[in-house]
Amino acid sequence: MMDALMLGFKDLFKHRRLFFIFEACLLMVCVIIMSASFALIWELDQRSIDTTSLEAYTVIPTSNDMTSNSQLIRKANQLLNKGGRSFFHSEYLTSQIGLTTIIVIDSDLNNLLYNDEEMSQTTYAKIFTKADLGQTLTTFDFPEPTEIGSTDISRFDDRIFESLFEDEVVIVLLNTNHLDKWMENTYGSEIFDLVDNVQFNALDKKNGVVAEFEAIFEDSFLTLQSNNYPNDELRFILLYVFPAVAFVIVALLVALTIMYVSLFKKLYREYTIHLIAGATLRAIYVRNSVFIITLIVLCLFGVSVLNGFELNDIFGIISITLLLIFFIFELLLYVVLKKRNISITLKGED
Amino acid sequence: MRLLALENLSKVYHKNTRSETHVLENCSFELNKGDILVISGESGSGKSTFLNITGLLDKVYDGEYTIRGQAVKKLNNNQLAILRNEMFGIVFQDYVLVEHASAYENIIIPLYYSKKYKRKERRHRIREIAQTLKIEDILDKSVSQLSGGQRQRVAIARALINDPDVLLLDEPTSALNPDLALDILKFILSFGQKHHKTIVLVTHDTQTLPNVFNKHYQLIQGKMTLS
């Protein structure tokens, strides 16, 4: 067995150029599968948090009269306590704290704080930073009772962070009816921001919150334009990305098989000579498997590096794919070795 | 002591098809330890097929083949591989060497699967055989760089390396010039006699054979006759 392994590694070294081409092709297959899987998993995750029927708006100012600003904010605030969620950049708090401050309003803040203690439905606020989640940042004069603590960020929060460049940001999760107090002496940008970032789900729509929200802005200085576009990402991935990925994978696997057969042909005469000299099929099998196993192990290592050594779904998918490739090659070898006839003349086979 | 026996051996290629060919028909013979046997015949008379069956390279045939009283057909692939390794050393007409490997790497092949020689004894054993065949200085050379005579000696060294009981020689000198061919044949036969080896020599040319064999069979159209 030791000799078979040693001969396998000798073959590998002898055909190292082919080995590296093999490895590159296999890694390419894995990277393509990783990217496609990531896109699909992310999209499915998005769906699972019920973003399929989001109501999104573009705000169009239609008047210079902003006298109804605070009234609008108060109404929007009341409504967002009934359903939906949004966030905006608070000029007032930014100037107070000295750091970019984002205010998140959600009818059910527990959605955002799924790893934290339940929040009361009364006036409430919570503060944390992007950089120092879970650490006390600062206390300041807050118009409402405050609590400083930690939380996990949900996908909704991700969306907030994506829109910011700063590392240190104060996020205020708010469940209050007095938002208008926070927006005193500010211009229309905050209400623009609030409306631009608003999200409703199917339940909100069913409960009439969406219609109520739109009604607030009738006859105001802002006109809402609904961007209720269907979420076509999954359809696109399944209809276009996956067939393209499948095509590339099949092409690469065919290339790999051709290379493997050419390598096998090179070694075939040598294997036959070994069989004549007393090698068992098992010894030849072990010898040949060294090439494939090394290839797979190195590829798996490469994938792990790219995947940050995380044992997640993507790693599982890649592992299963590599295992399948391994079995296909081993089966191919088994069939060829089992069928071979060592009594044929070897003349001219070189 | 009877080493191996073949009884009513027949071999048909492409059985039950249009191109069905009867290569061997009811051939029988037996071989004792130390025998030197020559099988001669024209091209296509079935000499190589006969050698393939004898050397356990072909197991599809009709008839009985026993080695030391054991029926070959009852042996599994692993047992056949062990027998091939321990009992037979085969020299082919076209040498059958691994071209990109060195002479040393070719000669060592049977030792990888041998139970007769331990790993640490391999190098010494190869030196010993190489010395006998006068090829010590070409051991590290690639086979592709060797002359016909040197390649033949490497093939013989590989056949002898595991100290087999039976040497099967399939037209071993057909690719060499007559003088060199005779030298090599003389060497093999004297080596066989000295070490009490059983030798089966298959050839189409019996004119140049040294007269040291015990039996001479002729294969004519698949039928074996003692001459």
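**Reading cavities, cores and strands**

User: Let's start with the empty spaces. Which element gives the largest share of the lining of the largest cavity?

Analyst: That's β6(B), which supplies three residues. One thing to keep in mind throughout: this is a predicted model.

User: Okay, but how do you find a cavity to begin with?

Analyst: Here's the general idea. Rolling a probe the size of a water molecule over the atoms shows where empty space is left. In this structure, the count is three cavities of 30 Å³ or more, and the largest holds about 150 Å³. It has 15 lining residues, and those closest to its centre are A:Ile276, A:Ala277, B:Ile90, B:Pro110 and B:Arg158.

User: Which elements give at least two residues each to that lining?

Analyst: From chain A there's α10 (233–276), and from chain B there are α2 (77–87), β6 (88–91) and α6 (148–160). You can also sort the lining by residue type: ten nonpolar, three polar and two charged.

User: And what lines the second largest cavity?

Analyst: That one has about 120 Å³ of space. Its lining takes residues from both chains, including A:Lys10, A:Asp11, A:Glu270, A:Arg287, B:Glu105 and B:Tyr112. Two or more lining residues come from each of α1 (2–14) and α10 of chain A and α4 (109–112) of chain B. The biggest contributor is α1(A), with four residues. By type, this lining splits into five nonpolar, one polar and six charged residues.

User: Now the filled parts. How many residues are in the largest nonpolar core, and which have the most contacts inside it?

Analyst: To read a core, look for buried nonpolar residues whose side chains touch one another. The largest one here has 125 residues, and B:Tyr65 and B:Phe88 have the most contacts inside it. The helix α10(A) gives this core its largest share, 13 residues.

User: What does B:Tyr65 touch, if I skip its neighbours within four places in sequence?

Analyst: Among its contacts are B:Leu4, B:Leu6, B:Ile53, B:Leu56, B:Val72 and B:Phe88. There is also a second, separate core of 23 residues, with A:Tyr57, A:Leu80, A:Val195 and A:Val209 among them.

User: On to strands. How do I read a sheet?

Analyst: Strands of a sheet pair through backbone hydrogen bonds, either parallel or antiparallel. Take chain B, where four strands make an open sheet in the order β2-β1-β4-β5, with antiparallel pairing. Its edges are β2 (21–32) and β5 (70–71); each has a single partner strand, so one side of each is left without a neighbour in the sheet. Looking at one pair in detail, strand β1 (residues 2–13) is joined to β2(B) by eight bridges and runs antiparallel to it. You can spot B:Lys11 opposite B:Leu24 of β2(B).

User: Which strands pair with β8(B) in the parallel sense?

Analyst: One is strand β3 (residues 36–41) of chain B, which pairs with β8(B) over five bridges. There, B:Ile36 stands opposite B:Ile199. Another is strand β7 (residues 166–170) of chain B, also joined to β8(B) by five bridges. In that pair, B:Val166 has B:Thr198 as its bridge partner.

User: Why is β8(B) described as largely enclosed?

Analyst: Count its buried residues. Six of the six residues in β8 (residues 198–203) of chain B are buried, so the strand is largely enclosed by the rest of the structure. Both faces show this: B:Thr198, B:Val200 and B:Val202 point one way, B:Ile199, B:Leu201 and B:Thr203 point the other, and all are buried.

User: Last topic: backbone angles. What should I look out for?

Analyst: Most residues other than glycine have a negative phi, and most peptide bonds are trans. A:Phe309 goes the other way, with phi near 55°. You'll find A:Phe309 in the loop between α11 (281–306) and α12 (313–339) of chain A.

User: Is A:Phe309 buried or exposed?

Analyst: Exposed, because its relative accessibility is 55% and the cut-off for exposed is over 50%. A second case is B:Arg68, whose phi is positive at about 50°. B:Arg68 lies in the loop between β4 (62–67) and β5 of chain B, and at 44% relative accessibility B:Arg68 counts as partly exposed.

User: How many helices and strands does chain A have?

Analyst: Twelve helices and seven strands. Of its 350 residues, 45% count as buried.

Terms used:
Residues are numbered from 1 along each chain as its sequence is written. Chains are lettered from A and ligands numbered from 1 in the order in which they are written. This is a predicted model: local features need pLDDT of at least 70, side-chain atom pairs count only at pLDDT 80 or more; totals for chains, interfaces and linings use all residues. Side-chain values use heavy atoms; hydrogens and water are left out. On a 1 Å grid over the protein atoms alone, a cavity is a set of points where a 1.4 Å probe fits but cannot get out, and a pocket is an open set with protein on both sides within 12 Å along at least five of seven lines; lining residues have an atom within 4 Å of a point. Grid points are joined across faces, edges and corners, and a volume is the space filled by probe spheres set on the points. Ala, Val, Leu, Ile, Met, Phe, Trp, Tyr, Cys and Pro count as nonpolar, Asp, Glu, Lys and Arg as charged, and the others, Gly among them, as polar. A nonpolar core is a set of buried Ala, Val, Leu, Ile, Met, Phe, Trp, Tyr and Cys residues joined through side-chain atoms within 4.5 Å. Buried means under 20% relative accessible area, exposed over 50%, partly exposed in between (1.4 Å probe, protein chains only). Contact means heavy atoms within 4.5 Å. Two strands pair if DSSP finds at least two bridges between them.
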